[in-house]
Amino acid sequence: MSSSDKKQIKVGILGATGTVGQRFIQILSTHPYFKIHALGASSRSAGQEYGKVTKWKLNTPIPEEIKTKVVQECKPTAEGFAECGVVFSGLDHDVAGDIEEAFRQSNLIIFSNAKNYRRDPLCPLIVPLVNPSHLSIIEHQKKTLGLEKGFIVTNANCSTTGLVVPLAALEKSFGQLETVMVTTLQAISGSGYPGVPSLDILDNVVPFISGEEEKIEWETNKILGGLNEEKTEFDLHLNEKKKLKSINVSATTTRVPVIDGHTASVSVKFRNINNIKKPTIEEIKKSFKEFKCEAQDLNVPSAPKHAIVLHDLPDRPQPRLDRDLHNGACVSVGRVRPCPVFDVKFICLVDNVRLGAATSSIMNAEIAVEKGLIV
Ligand SMILES: NC(=O)c1ccc[n+]([C@@H]2O[C@H](COP(=O)([O-])OP(=O)(O)OC[C@H]3O[C@@H](n4cnc5c(N)ncnc54)[C@H](OP(=O)(O)O)[C@@H]3O)[C@@H](O)[C@H]2O)c1
């Protein structure tokens, strides 16, 4: 679909007042495919004008047409949602499960940021720069649940998103990986507003984020894995012949006093298949630099020109300097060097609220439009 040849699809935003919800509004307010139609949040906000109840934290103003829009309760029967062709969700996980299911049962299409359905065997877990092919399980999801139209697509945990893009580039060029060790330095916006108290995070590093390590370790294999031939089952990174095993992933996650942008230090070991010579550092850098993905081939509006920006300077990437590259829709990679324990190590950086959340959901929906899954 080109921006000129079809009318815009009406969209709803659940959790519209939150950190991710605000990015949805900022990006969608000028989107060529989508037009914001309904906003949902908790009963604390419902019934009031968006501009009055939202603690807006972005450095562009609230779009004029959104300021006076009345926030609804997150119910599929609330005003506006029934007409939406897509509903984006930035809901907290403690409420997302039931609410998103109610929307799906009402034959609405949900693109969710919450963790609730990421492990569901019927729901694709999609990082748009890596595995949009997983959208092909949607027919099976609808058929299994007896739904004509409704389905749920999830995107990944924000740190997982930054990690799997360079890992996908390595696998594409050099075959399956064996082991990945990752230590993250995660921004405070990753836990929503108001997030970690200032007295805990300023002048400090907090070496624990509840549930985060498990998400990175599990989600990586679903994203980098495939689907069976019938498009009914994920293989959690077993190849078609079921010969190769999942990647061993070990994650340590920390919270640091950065506002936006999750950095990760990554070490990777290639799988030693038939004693094939391992790639050189120059070959690895080339694979990052030249990595191309389906979102770019489809030329969807949110696809970055470069999925991976490879930095040559020895002190990059840095969150403050690099998180805005390509509107926060790419992953920055730098310090690519030999690892004395594994094979290669590098630093990667992702904007946790854009590619790590809202931009991924939106790009997934753009791809679904291009694939004819949303009409
Ligand atoms: N922040 C990130 O970097 C990031 C990255 C990836 C994924 N995520 C995921 O995205 C989701 C949202 O995160 P966030 O950081 O945006 O959180 P947040 O800033 O705390 O916002 C939460 C949103 O959920 C709404 N909400 C809370 N309780 C509700 C209820 N009972 N019924 C309906 N709505 C309710 C809030 O509305 P009120 O304003 O009315 O309370 C608010 O709009 C979470 O699942 C999170 O794990 C976040």
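The following exercises, with worked solutions, concern a predicted model of a protein with a bound ligand.

**Exercise 1. The shell around the ligand**

Determine how many residues surround the ligand, and describe the shell by class and by helix.

*Solution.*
Step 1. Taking as near any residue with a heavy atom within 4 Å, one finds 28 residues around the ligand. The closest are T17, S42, R44, S45 and L91.
Step 2. Sorted by class, the shell comprises 14 polar, 12 nonpolar and two charged residues.
Step 3. Three helices each contribute at least two residues to the shell: α1 (19–28), α4 (93–105) and α12 (354–370). Of the elements, α4 gives the most, with three residues.

**Exercise 2. Backbone atoms facing the ligand**

Identify backbone N or O atoms of G18, L91 and S189 that lie within 3.5 Å of an N or O atom of the ligand, and state how much of the ligand is covered.

*Solution.*
Step 1. Consider the oxygen atoms of the ligand. A backbone N or O atom of L91 is 2.7 Å from one ligand oxygen atom, and for G18 the corresponding distance to a ligand oxygen atom is 3.1 Å.
Step 2. Turn to nitrogen. A ligand nitrogen atom lies 2.9 Å from a backbone N or O atom of S189.
Step 3. Evaluate the cover. On its own the ligand has 900 Å² of accessible area, and the protein covers 83% of that area.

**Exercise 3. Two domains and their interface**

Characterise the contact between domain 1 and domain 2, and state how each takes part in the shell around the ligand.

*Solution.*
Step 1. Establish the bounds. The domain assignment gives domain 1 as 9–157 + 358–370 and domain 2 as 158–351.
Step 2. Locate the centres. Taken over C-alpha atoms, the two domain centres are 24 Å apart. The contact involves 35 residues of domain 1 and 39 residues of domain 2.
Step 3. Evaluate the buried area. About 2,900 Å² is buried between the domains, with 64% of it from carbon and sulfur atoms. On the domain 1 side, R119, L129 and N157 lose the most area to domain 2, together accounting for 26% of what that side buries.
Step 4. Return to the ligand. Domain 1 and domain 2 each provide at least three residues of the shell around it.

**Exercise 4. Backbone geometry in loops**

Describe the peptide bonds that join Y193 to P194 and R316 to P317, describe phi of N107, and place P194, P317 and N107 in the fold.

*Solution.*
Step 1. Y193 and P194 are joined by a cis peptide bond with omega of about 0°. P194 belongs to the loop between β7 (177–186) and α7 (198–201).
Step 2. The bond between R316 and P317 is also a cis peptide bond, with omega of about 5°. P317 is found in the loop between β10 (308–310) and α11 (319–322).
Step 3. N107 is a residue other than glycine with a positive phi, near 65°. N107 sits in the loop between α4 and β5 (109–112).

Notes: Residues numbered from 1 in each chain as written. Predicted model: local features only at pLDDT ≥ 70, side-chain atom pairs only at ≥ 80, totals over all residues. Heavy atoms only, no water. Polar contact = N/O pair within 3.5 Å; in protein donor to acceptor, adjacent residues only side chain to side chain. Areas by Shrake-Rupley, 256 points an atom, 1.4 Å probe, with all protein chains shown as cover. Helix = DSSP H or I, 4+ residues; strand = E, 2+ residues; numbered from the N terminus. Nonpolar A, V, L, I, M, F, W, Y, C, P; charged D, E, K, R; others polar. Domains from an automatic or database assignment. Contact = heavy atoms within 4.5 Å. Buried area = accessible area lost by both parts, 1.4 Å probe.
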